[in-house]
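Student: Could we go through this structure together, one question at a time? I would like to see how each answer is reached.

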Amino acid sequence: MGCSVKRDNIILLGTYIDKKCPFTGDVSIRGRILAGTYHSAKMVRTIIVRRDYHHYVKKYQRLDLESQNPLLQFTSVLIHN
């Protein structure tokens with residue numbers, strides 16, 4: 001998910017360790033960057049982001065507004081600017 005983030009001092013000092021963190025763990029960042037709005041953060045280190053987009057319906061020759069709610073791993077190293 002594309003968001004403007006900066007790394008915290010914890011990662012720079014090397015005291016934070018998380019296997020699922022792309023900065024300290026073995027996970028590589030891959031795929032495309034998506035834009036969306038924050039929806040929920042009730043799970044541990046996981047957030048739900050709502051992504052609205054237009055879908056063209058050929059039968060009616062109109063655009064339809066659809067949405068997705070992808071789950072994203074959110075490491076505590078990231079701080080919002």
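**Working through the strands**

Tutor: Happy to! Keep in mind that this is a predicted model. To start, Arg 45 has a relative accessibility of 42%, so Arg 45 counts as partly exposed.

Student: Where does Arg 45 sit along the chain?

Tutor: Look at the two strands on either side of Arg 45. Strand 2 covers 37–43 and strand 3 covers 46–57. Arg 45 belongs to neither run, and its place is the loop between strand 2 and strand 3.

Student: How far apart are the C-alpha atoms of Arg 45 and Leu 72?

Tutor: Along the chain, Arg 45 and Leu 72 are 27 residues apart. In space, the separation of their C-alpha atoms is 8.4 Å.

Student: Is Ser 40 buried or exposed?

Tutor: Ser 40 lies in strand 2, and it touches Ile 47 and Ile 48, leaving aside residues up to four places away in sequence. Buried means under 20% relative accessible area. Ser 40 has 14%, so Ser 40 is buried.

Student: And Thr 46, is that buried or exposed?

Tutor: Thr 46 is in strand 3. Beyond residues up to four places away in sequence, Thr 46 touches several residues, among them Ala 41, Leu 71 and Phe 74. Its relative accessibility is 11%, and because the cut-off for buried is under 20%, Thr 46 counts as buried.

Student: How many salt bridges does a search of the whole structure find, and which residues form a salt bridge?

Tutor: Side chains of opposite charge can pair when their charged atoms come close. The search of the whole structure finds 1 salt bridge. Its closest N and O atoms are 3.3 Å apart, and the partners are Arg 50 and Asp 52.

Student: Are Arg 50 and Asp 52 buried, exposed or partly exposed?

Tutor: Partly exposed lies between the 20% and 50% cut-offs. Arg 50 has a relative accessibility of 31%, and Asp 52 has a relative accessible area of 44%. Both values fall in that range, so Arg 50 and Asp 52 are partly exposed.

Student: Which residue in strand 4 stands opposite Asp 52?

Tutor: Strand 3 and strand 4 (residues 62–68) run antiparallel and are joined by 7 bridges. Opposite Asp 52, in strand 4, stands Ser 67.

Student: Which residue takes a positive phi in the hairpin of strand 3 and strand 4?

Tutor: The hairpin has 4 residues between the strands. A positive phi near 50 degrees is taken there by Gln 61.

Notes: Residues numbered from 1 in each chain as written. Predicted model: local features only at pLDDT ≥ 70, side-chain atom pairs only at ≥ 80, totals over all residues. Heavy atoms only, no water. Buried < 20%, exposed > 50% of the residue type's maximum accessible area, 1.4 Å probe, protein only. Contact = heavy atoms within 4.5 Å. Salt bridge = Lys/Arg side-chain N within 4 Å of Asp/Glu carboxyl O. Pairing = 2+ DSSP bridges.
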